[in-house]
Every structure is written in structure tokens, then in C-alpha cells.
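Trainee: Could we take a close look at a single part of this protein together? I would love to have you walk me through it.

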Amino acid sequence: MQEVRVRALRCACGQRIEADHDGALCASLREHLERAHPYMEPPTSEWVRDLVSSAVYGLEYVPVGPHDSLEEEGFGPDPY
């Protein structure tokens, strides 16, 4: 079993955006904003870099058993 490390941030809409490194995270964030928030004024490259540098966190997926997957479990209130 191998651990997987990624960089991530959460958009204000709740969507988690992940990438292998901060440069790719900037591109993924820009793509997300264009796709999911078309009404928003297009962000500048500096704004995207500043957001990534201030909101990024690291994730490490470490499977603990042979049947563990690398899927995220949902946390929070159950939908009704």
C-alpha cells in the first residue's frame, strides 16, 4: 500500500480542489471558478496565487488495510 500526498483547498461553495503541487492547484482553481462560478469576474493570476498560498493545506491518504480505498468519506450532517 502506498500513501498519496496532495495539496488541496476548499472553495467558498464547498468544493474541494486537489492537485499534486501548488502550480497545478492554481490551474485547477481557475478551471473550477470558470466552470462553477461563471458569473464571477475572471480572477487575476495574482489573486489565484494569493488564494492558493493562503488557503492551501496538505492531505495524505494512507490506506490501512487491503480493502481501504482512497475515497473521501463525507463528514458533517447527514442530508435528509
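Trainee: Which residues in H1 are buried?

Mentor: Happy to help! Keep in mind that this is a predicted model. Let's start with the setting: the protein chain has 2 helices and 3 strands, and along the sequence they follow the pattern β-β-α-α-β. Of the chain's 80 residues, 26% count as buried.

Now to your helix. H1 runs over residues 22-36, which makes 15 residues. From its first C-alpha to its last, H1 reaches 20 Å, close to the 21 Å expected at 1.5 Å a residue. The buried residues in H1 are Leu25, Cys26, Leu29, His32 and Leu33. They sit on the same side of H1, because they cover an arc of only 130 degrees around the axis. Turn to the face that points away from this buried side, and you will find the exposed residues Glu31, Glu34 and Arg35.

Let's pause at one of the buried residues, His32, which lies in helix H1. Its relative accessibility is 4%, so His32 counts as buried; the cut-off for that word is under 20%. What surrounds His32? Leaving aside residues up to four places away in sequence, His32 touches Cys11, Cys13, Gln15, Ile17 and His37. With His37 there is also a polar contact: the side chains of His32 and His37 meet at 3.2 Å.

Finally, step back to the whole chain. Among its contacts between residues at least 6 apart in sequence, 48% join residues at least 24 apart. The accessible surface of the chain comes to about 6200 Å², and 51% of that belongs to carbon and sulfur atoms.

Terms used:
Residues numbered from 1 in each chain as written. Predicted model: local features only at pLDDT ≥ 70, side-chain atom pairs only at ≥ 80, totals over all residues. Heavy atoms only, no water. Helix = DSSP H or I, 4+ residues; strand = E, 2+ residues; numbered from the N terminus. Expected span 1.5 Å × (residues − 1). Buried < 20%, exposed > 50% of the residue type's maximum accessible area, 1.4 Å probe, protein only. Arc of directions from axis to C-beta. Polar contact = N/O pair within 3.5 Å; in protein donor to acceptor, adjacent residues only side chain to side chain. Contact = heavy atoms within 4.5 Å. Areas by Shrake-Rupley, 256 points an atom, 1.4 Å probe, with all protein chains shown as cover.
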